[in-house]
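Trainee: Could we go through this one together? I would like to see how each label is earned.
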Amino acid sequence: MKKTLSIVAAAALMSGIAMAKDVVVGVVLPLTGPIAAFGQTSKGGLDIAYEQNHKLKNGDNVKLVVLDDRGDKVEAATAVKRLLNKNNATVILGEVASGNSMAMAPVAEKAKTPMITHASTNPRVTKGKKYVTRACFIDPFQGAVMAKYALDNGMKTAVVVTDAKQDYSVGLSKAFKKAFTAGGGKILKTVLINSGDKDFNAQVSTIKSQHPDIIAFTGYYPEAALMVKQARAMGIKTPFIGADGVGFPELVKIGGKAAEGFMYTDHFNEAAASSPEAKAYVEAFHKKYNKPADSMGALAADAYGMILSAMNQCIDEGKAPTDKECVNDKLRNTKGYKGVTGVINIDKDGNAVKSAVINEVKDGKFAYKTTVNP
Amino acid sequence: MDLTTFLQQLINGASLGSMYALIAIGYTMVYGVLRLINFAHGDIMMVGAFFTFMATAAGLPFTLAVLLGILGSVIVGVLTDKIAYKPLREAPKISLLITAIGISFFLENLFNVIFGGVPKAFSAPDYLTKIFHLGDVYLPITVIIIPIVTVAILSGVLWVLYRTKYGMAIRALAFDIPTVKLMGIDADRIITLVFALGSALAAVGGIFYAVSYPSIDPLMGVIVGLKAFAAAVLGGIGSVTGAVIGGFILGFTEIFVVALFPELGGYKDAFAFFFLILVLLFRPTGIMGEDLERSRF
């Protein structure tokens with residue numbers, strides 16, 4: 001009896017040695033700095049997805065190595081290098097801001113390492129890249145959804161607010177303008193801001209003299225919150241519409257009453273979650289954080305899930321989950337992946353084709369309005 | 001641009017300019033005495049805003065919170081001096097400058113670790129966020145209060161400098177530290193006093209900044225610190241009046257670049273700094289600055 005036990009123990013130990021491999025997923029997020037909320041919420045969702053599953057089919061352990069880039073492009077690129085050289089990462093997950101992802105992509109591309117961004121929506125992130133994939137829709141779609149929603153609600157003239165420092169905002173503004181004018185709307189003016197700025201009174205005064213039907217804000221939430229506050233303080237009642245960069249609790253916390261009625265397109269709203277995957281995620285999220293599930297976290301969970309799925313497919317084919325070429329191939333050819341944010345199909349350019357939701361700030365909460373399919 | 005918009009932009013410029021002026025005074029004062037560009041000034045400002053934020057979050061009345069914020073900044077400022085700058089009194093100025101940058105990074109990251117990088121909503125009392133309507137022109141009450149506070153602080157600082165014994169000691173230090181020591185004055189104590197004053201000024205600036213733009217984060221002092229520094233240099237660093245003038249020039253430049261060329265609004269900082277370079281090309285010591293070696297306030 002004793003002998004069998006020790007044999008079993010030894011076997012377990014040996015297989016343990018053979019199996020206890022770590023497959024490293026390198027994560028780059030802005031955990032601090034001006035857009036820290038994106039990084040923090042992404043990390044929150046990622047942690048949930050990781051707790052739900054971090055074992056591959058062959059018994060290997062997935063290990064997350066998370067680096068903070070402080071929202072800085074140079075730091076983001078350096079973080080990728082470090083993850084590749086020091087941590088031997090098989091896949092890179094990140095970033096949120098398109099500009100930062102664009103700084104990371106060439107590094108991953110050069111090292112022939114698959115990279116998946118969960119939330120960068122600028123088309124240029126994946127353009128011409130063989131190793132870059134994304135779990136979210138792209139800005140031409142998002143901009144078109146914004147424009148269509150505004151036009152459908154009888155808004156004919158718009159002022160566009162662009163954050164000149166953010167590739168995301170520049171691209172999104174372009175997409176919005178194109179779709180808005182194509183649909184018969186008129187762009188009265190484009191005003192530029194810089195992320196990190198706090199005083200938008202000059203821009204707001206200019207907008208006020210234009211009397212638009214809608215203000216299309218394509219930047220991020222810190223500026224959105226202050227700008228809408230300054231606009232309302234100056235007596236502007238024009239509604240704001242934004243995109244996935246504004247839907248953060250800070251919009252309401254900082255914007256206060258002024259943020260009421262702020263509409264925006266987003267990837268996910270838990271009120272619209274109907275699939276079992278989404279429900280399980282939302283339930284786990286509530287249990288862990290005791291607050292509504294946000295879209296950045298949901299996207300990060302999906303990107304992580306896609307990585308796991310790709311690695312498992314490689315294992316099915318008898319390849320190692322650390323086979324970068326194989327993992328990349330599977331990621332780029334993801335079809336019908338059932339994620340938290342909906343069914344994800346990756347097109348030939350590495351972009352996810354999926355639906356968007358429109359939310360509105362109501363009583364300090366993000367109320368779900370509608371879902372728009374591609 | 002119609003008249004209403006123009007008047008509104010004037011008010012916007014005054015509002016932003018007075019903000020820069022208030023912060024620039026602190027920069028210029030420390031520089032005037034120690035010949036140290038205290039790059040941590042913007043971060044002390046952030047510290048003041050955060051202490052006030054914490055105190056209000058704890059339910060204290062705003063006035064008390066402001067006092068605690070100022071006190072907190074003074075303590076941090078004086079500690080900074082004792083720990084980081086004092087050992088370098090005899091060292092070359094460049095070492096001190098690099099230490100100041102180090103302190104700046106340290107404070108930013110310390111607050112990042114404690115509070116996280118997500119911006120926090122700063123709640124100001126209603127009487128500070130009031131807005132007057134003059135026809136179609138909107139006048140926030142801070143546009144009136146900040147210049148008053150700036151003038152009050154300015155006179156307070158000048159009174160300390162020119163009417164008190166400590167002020168005399170500070171002015172003497174600005175000329176020659178070793179000689180002042182030979183006269184039996186405790187130079188270190190006076191320098192600590194300068195840092196305490198400078199930090200209190202930074203805190204007041206930080207609190208008003210947070211009242212005007214109620215979103216605070218550990219990096220909030222970086223950009224505005226740089227702008228205030230530019231304002232101080234523009235006005236002639238070391239000159240308190242110059243700092244005020246520089247602040248207003250910078251504020252108006254920024255606002256009117258956006259107002260006149262909205263398409264170029266993304267480059268307003270570039271314009272502001274280009275203007276700074278232009279001024280320095282023709283007046284290397286800034287607008288109010290005299291010969292650097294002779295100017296002491």
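**Domains, a core and a serine**

Mentor: Happily! This is a predicted model, and in chain A the centres of domain 1 and domain 2, taken over C-alpha atoms, are 31 Å apart. The domain assignment gives domain 1 as 2-137 + 274-355 and domain 2 as 141-266.

Trainee: How many residues of domain 1 of chain A are in contact with domain 2 of chain A?

Mentor: 13 residues of domain 1 are in contact with 16 residues of domain 2. On the domain 1 side, helix α4 (residues 98-110) of chain A gives the most, with three residues. That side divides into seven nonpolar, five polar and one charged.

Trainee: Why is the largest nonpolar core said to lie between the two domains of chain A?

Mentor: Among its 214 residues, Leu251(A), Ile307(A) and Ala49(B) touch the most other members. Domain 1 and domain 2 of chain A both give residues to this core, so it lies between them.

Trainee: And what is Leu251(A) in contact with, leaving aside neighbours within four places in sequence?

Mentor: Its contacts include Tyr221(A), Ala224(A), Phe262(A) and Val361(A).

Trainee: What makes Ser42(A) buried?

Mentor: The cut-off is 20 or more other C-beta atoms within 10 Å. Ser42(A) has 30, so Ser42(A) is buried. This residue is found in helix α2 (residues 36-52) of chain A.

Trainee: Which residues are in contact with Ser42(A), beyond its neighbours within four places in sequence?

Mentor: Among them are Leu29(A), Val96(A), His118(A) and Met296(A). Ser42(A) also lies 8.0 Å from Ala301(A), C-alpha to C-alpha, although the two are 259 residues apart in sequence.

Terms used:
Residues numbered from 1 in each chain as written. Chains lettered and ligands numbered in written order. Predicted model: local features only at pLDDT ≥ 70, side-chain atom pairs only at ≥ 80, totals over all residues. Core = buried A, V, L, I, M, F, W, Y, C linked by C-beta atoms within 7 Å. Buried ≥ 20, exposed ≤ 12 C-beta atoms within 10 Å, placed from the backbone. Domains from an automatic or database assignment. Contact = placed C-beta atoms within 7 Å. Helix = DSSP H or I, 4+ residues; strand = E, 2+ residues; numbered from the N terminus. Nonpolar A, V, L, I, M, F, W, Y, C, P; charged D, E, K, R; others polar.
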